[in-house]
Amino acid sequence: MGRRPQELVHRADRAALIARLARRARLSPFGAALLATVAACLVYLPASRLAVVQSLEGQLLDLRFQLRPPGPASDAIVLVPIDEQSLRKIGRWPWRRGLIAQIVQRLADAGARTIALDLLFAEPERRDVPAAALEDLQRELRAGQQAGDADQPAKIEARLGALLDQADGDRQLARALEHAGNVILPFSILDPDGNVILPFSIGEHADGSLPAPVAAMAIRIVRQQPGRPQPEPAPEPGVLAPIPALASAAAGLGQTNIPLGPDRSARLERPVAAYGDQYLPSFALEAARQHLGIGRDQVQLLLGEGIALGDHLLPTNEAMLIPVNYRRRGTFAEVPAWRLLSDSIDRAELAGKLVVVGGSAAGLGDHFQSPYVQDLPGFERHAAMIDDILRQDLLIRPRWAFLPGLGTVLFGGLVVGGLADRLGVIGATLGFLVLVALVVGSNLWAFLSQGLWLDLLLPLALLALIYGVALGHRYFIGQRQERRLRAAFKHYLSPALVDQVARDPALLRLGGEQRELTVLFADIRDSTSIAAALAPTRFAELLNEVLTELTEALFEQGGMLDKFTGDGLVAVFGAPLAQPDHALRACRAALAMQARIEPLQARWAHPDLPPVAVRIGINTGSMIIGNMGSEERFNYTVIGDEAHLGSRLEAANKDFGTRILISDGTWRIVSDRLEARELDVMSFRGIDRPVGVFELLGERPLPPGRARLLELFAAGLATFREGRWASAQHEFEQLLALAPGDRPSQLYLERCRARLQPPRGG
């Protein structure tokens, strides 16, 4: 402790550098979370394209649908299901097309505004003439021959024409379609393998060419938005379309190609399909256009952005797909096919409505998984998409849907890492749960109130990953570091400070640094005499009791135990954690130490033992604090001349007969809260300035008697410094009359008498 300040600063700087490098080599929980966050952001987009991620994201979308409260019933769409009861009442499938023509005719007569007939008639119907009709014709022919009827050929021809017309269901259906003038029929585009998800079909037919009625449906106005990719055209093995007679008689045709997700779900709609250089509308889009009365020239395709139906805009993603905003069962009114054919319906049920006809019986038509049911009939799915367009209640999967999730991962990762670093497991867990609640809540709000489908799976999964990394680091690495810190400081800091340092090691500024601190030196008075009078075990017992009391008083004020010095201790206030009131804490710790020693004095009192007493010195000044020692072994301690001054003050108690001495540097800081008396101005080795020495007396205000003695001593000291020795002698004699054992007064009385004596040999 006798090294010069320059040498000490150099060594402290070296220790500080070593400590900083060590801290950088050890990754903190925040650093681990930061690395995990960067990695999560880099893999976000590639991960979002994985089939398993898309499938799980879709299932979370289904959950959002199920959490959504039921919406209002549709006042525009009516379903006509060909259900089990209709098959029982009318007959097994397939029904003759003449019967389908009756359904169309009934709907038209009831005032349906648009009829979406989700039945694909890809082959002509076989003409079957009933045997009874042929037998009747045969009888008529024989009777005419026997009667010699000259008009018989004309009658036979008319009769045959009526029979052929009755047997030609396609002709009947075509006439019904032309009469209604508002029927939309489906067609399908084949995939490269010749497969396709069919609507409820009658017959099978594949033709590599694009039939003229289908080609006439192509959207006429196509705009390429700058920077938007075109959807990939479908391969051209052919289409599955209605027979020409029916296709030409229909008011419109729409493709029913349903894009299936990785889990075979049908969450997305393809409102247009590219076939070569033509873009064909979907069945739902064509039905909605017809119902809204929008001409084909008012339909615009904005590639990579959406479709404009007059004033209606259907926003799509870059692949020209749009999510289906599914409706709960019961949203659409239903009129089963058997009721429609039995004349038991009210015209008001269908007038002005868009009617969707399709199969719902088991084994008839296509069925899809929806958020609400596992086997939703395909025509009900079309109805949901049509209703989305008519209401403009669209579910939007924007191109930027990933951005909120990516931002959440970035922000949330930093928050979780910071909390793990600062507040530990509990803080990080609470922060993570709050983030999860915010992500889920905002996602639900966007879905329920704004109709947005935003990422939910990846933000939650990646946040959980970052949380796991931060906590894993905290548990496996941070806990080990925390245990090491606790082991290192538990003997030097109060338990509360140990907890704080363990939770936040960044508070420790290890390495050498110059700081204003307060040091406290405490030493047992006459310990050598006590040790000589007691057996070693008894002296060790006494020493341990005294040091225990001193340490507890020190920790109560948040001081750091620097070291034990055999029969005393050295403490530091203001390090390792900053304490703005470190000088006041040190003084109060000294007063508490003296109070704790008093019971020990009575218990250890013995005629052969000096009284148990403790001398304390306190100084506040600029010192060097940090890890001092070799690179392999060092201690966290304080060094410097100002630190040594505390030791000098502790030793000066012996001269003044006092218990607590503080320097003028400490007194300037605590003088508004504590009481002390100035004893002297002294010079100490290693200190290049005179130091004012004060005896610490206690908290303000002092009892009246002690306050009076303090005033008398201050007056005598002032008189002494003025050089009026006789007056000062008189004042100190008065003070000693009131306090005979006051050693500082005796000391100044001796000084006065020495100055009043004549010089020797004078």
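**Entry 1: the surface patch**

I began with the nonpolar patch and saw that α2 (29–48) and α14 (402–450) each supply at least two of its residues. I then listed its members: Phe30, Leu34, Val38, Leu42, Val43, Leu410 and Leu414. Together they make a patch of about 580 Å². I checked who gives the most, and that is α2, with five residues. I picked out Leu414, which lies in helix α14. Its relative accessible area is 33%, so I have Leu414 down as partly exposed. Note to self: this is a predicted model.

**Entry 2: the whole chain**

I stepped back to get the overall numbers. I count 24 helices and 27 strands in the chain. Of the 762 residues, 49% are buried. I looked up the accessible surface too, and it comes to about 35900 Å², with 55% of that belonging to carbon and sulfur atoms. Then I asked how contacts are spread along the sequence. Among those between residues at least 6 apart, 75% join residues at least 24 apart.

**Entry 3: helix α3**

I ran a quick geometry check on α3, residues 51–67. From first C-alpha to last, this 17-residue helix reaches 25 Å, close to the 24 Å expected at 1.5 Å a residue. I also noted its buried residues: Val53, Ser55, Glu57, Gly58, Leu61, Asp62, Arg64 and Phe65.

**Entry 4: the cores**

Which residues touch the most other members of the largest nonpolar core? I got Trp95, Ile100, Val104, Leu107, Leu117 and Leu185, out of 50 residues in that core. Helix α5 (residues 97–109) gives the most to this core, namely six residues. I followed Trp95 further, skipping neighbours within four places in sequence. That left Ile82, Ser86, Leu87, Ile90, Ile100, Ile103, Glu125 and Ala337 in contact with Trp95. Another core lies apart from the one around Trp95; it has 45 residues, including Ile294, Leu314, Phe368 and Ala384. I jotted down the usual rule here: in soluble globular proteins, nonpolar side chains tend to be buried together.

**Entry 5: salt bridges**

I searched the whole structure and found 35 salt bridges. I took three of them in turn.

Arg296 pairs with Glu286, and their closest N and O atoms are 2.8 Å apart. Arg296 sits in the loop between α11 (283–292) and β12 (299–303), while Glu286 is in helix α11, so the bridge ties together parts that are 10 residues apart in sequence. Are the two partners buried or exposed? Arg296 is buried at 16% relative accessible area, and Glu286 is buried as well, at 2%.

Next I looked at Glu513 and Arg515, whose side chains meet in a salt bridge at 3.4 Å, N to O. Glu513 has 18% relative accessibility and counts as buried. Arg515 is buried too, with a relative accessible area of 15%.

Last of the three was Arg721 with Glu678, where the closest N and O atoms are 3.1 Å apart. This pair links distant parts of the chain, since Arg721 is in helix α22 (residues 704–721) and Glu678 is in strand β26 (residues 674–682), 43 residues apart. I have Arg721 as partly exposed at 44% relative accessible area, and Glu678 as partly exposed at 26%.

I closed with a network: Arg327, Asp387, Asp388, Arg391 and Asp393 are joined into one by salt bridges that share partners.

Key. Residues are numbered from 1 along each chain as its sequence is written. This is a predicted model: local features need pLDDT of at least 70, side-chain atom pairs count only at pLDDT 80 or more; totals for chains, interfaces and linings use all residues. Side-chain values use heavy atoms; hydrogens and water are left out. Helices (H or I, at least four residues) and strands (E, at least two) are DSSP runs, numbered from the N terminus. Buried means under 20% relative accessible area, exposed over 50%, partly exposed in between (1.4 Å probe, protein chains only). Contact means heavy atoms within 4.5 Å. Accessible areas come from the Shrake-Rupley method with a 1.4 Å probe; for residues, only the protein chains shown count as cover. The expected span of a helix is 1.5 Å times one less than its number of residues. A nonpolar core is a set of buried Ala, Val, Leu, Ile, Met, Phe, Trp, Tyr and Cys residues joined through side-chain atoms within 4.5 Å. Patches are made of residues with over 30% relative accessible area and no salt bridge: like charges are joined within 9 Å, nonpolar side chains (Val, Leu, Ile, Met, Phe, Trp, Tyr) within 5 Å. A salt bridge is a side-chain nitrogen of Lys or Arg within 4 Å of a carboxyl oxygen of Asp or Glu.
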